[in-house]
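User: I am new to this structure and would like a close look at one part. Please tell me about any empty space closed in by the atoms, and about what surrounds it.

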Amino acid sequence: MKKYVLLLLSILMMLCFAAGCGGEKKDEGPKVLKVGTEATFPPFEFREKGSKELHGFDIDLINAIGKKLDMKVEILDMDFEALLPSVKRGNVNLVIAGVTITPERQKVVDMSDPYFQSGLSIVVNKGNTAIHKPEDLKGRAVAVQIETTGEEKAKKLTGDKVKSFKTNEEVFQALKEKTVEAVIIDKPVARYYIKKLALDAVIAGDSFEPEAYGIVTRRHAELTPRINKALAELKQSGEYDKIYEKWFGKETK
């Protein structure tokens with residue numbers, strides 16, 4: 001009789017272990033969503049002068065996505081060129097920082113469905129009548145932020161005349177000080193800086209190089225489809241539109 005009791009107990013212990021009775025829970029992924037960004041890209045991510053708090057379209061959007069995923073969002077501010085390496089190493093779960101979806105980036109990281117349609121623009125000081133289109137930049141000094149699509153485009157147009165900076169504040173300071181003749185940057189950001197800094201500058205000509213922004217995750221990450229689902233739900237519910245209108249008004253997307 002004793003051996004049957006021992007056998008029954010062994011079977012029960014095995015079943016209990018298989019069912020997770022030991023108090024261990026299945027790994028459901030991170031409860032904290034670690035997000036990398038670069039906070040000099042208003043109105044997408046930025047700080048008001050003297051404040052540590054982050055604001056912007058991307059910040060509001062990722063917080064809304066975090067709620068959908070039932071995860072607490074923790075945002076880490078870092079240099080733009082450090083963002084993709086950080087997500088590849090697993091130091092952050094994702095990156096949202098106005099990152100343009102490109103085939104080159106998609107070879108090393110996953111990117112979500114597009115969440116914002118943008119385009120590059122050229123900014124010049126008022127009174128500059130020589131620059132109207134990208135081809136006019138040939139042989140001229142142009143300021144850009146490092147590791148951006150604006151930098152890639154500027155190098156193709158001007159070669160060694162490109163001056164790359166870590167932050168967009170430095171980019172526009174170079175234009176203000178007239179150490180460069182133009183800036184290449186995303187159009188929504190150009191509009192923000194011209195207005196916010198009361199720059200004596202204008203956007204030259206029309207936007208060029210249409211771009212779509214995506215949220216960056218590690219290659220083959222299980223998080224990517226979850227982000228896409230949350231993003232689609234926010235758009236369907238109208239919450240995305242509310243966030244958009246808060247930062248950009250009712251202009252055409």
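Analyst: One term first: names such as α5 or β11 stand for helices and strands, which are DSSP runs numbered from the N terminus. Please also keep in mind that this is a predicted model.

Now to the empty space. The structure holds one cavity of 30 Å³ or more, and the volume of the largest cavity is about 140 Å³. Its lining is made up of 18 residues, and F41, Q145, T148, T149 and D186 are the closest to the centre. Two elements, α5 (149-158) and β11 (182-186), each give two or more residues to this lining. Of the elements, β11 gives the most, with three residues. Sorted by class, the lining has seven nonpolar, seven polar and four charged residues.

Let us follow Q145, one of the residues closest to the centre of the cavity, into its surroundings. Q145 stands opposite F165 in β10. Strand β9 (residues 142-145) and strand β10 (residues 162-165) run parallel and are joined by four bridges. To get from β9 to β10, the chain passes through α5, and this β-α-β crossover is right-handed. Here we meet α5 again, the helix that also gives two or more residues to the lining of the largest cavity.

So much for the tour: you can start at Q145 and look across to F165 in β10, then turn to β11, which gives three residues to the lining of the largest cavity.

Methods
Residues are numbered from 1 along each chain as its sequence is written. This is a predicted model: local features need pLDDT of at least 70, side-chain atom pairs count only at pLDDT 80 or more; totals for chains, interfaces and linings use all residues. Side-chain values use heavy atoms; hydrogens and water are left out. On a 1 Å grid over the protein atoms alone, a cavity is a set of points where a 1.4 Å probe fits but cannot get out, and a pocket is an open set with protein on both sides within 12 Å along at least five of seven lines; lining residues have an atom within 4 Å of a point. Grid points are joined across faces, edges and corners, and a volume is the space filled by probe spheres set on the points. Ala, Val, Leu, Ile, Met, Phe, Trp, Tyr, Cys and Pro count as nonpolar, Asp, Glu, Lys and Arg as charged, and the others, Gly among them, as polar. Two strands pair if DSSP finds at least two bridges between them. A crossover is right-handed if, with the strands pointing away from the viewer, the path from the first strand over the helix to the second runs clockwise.
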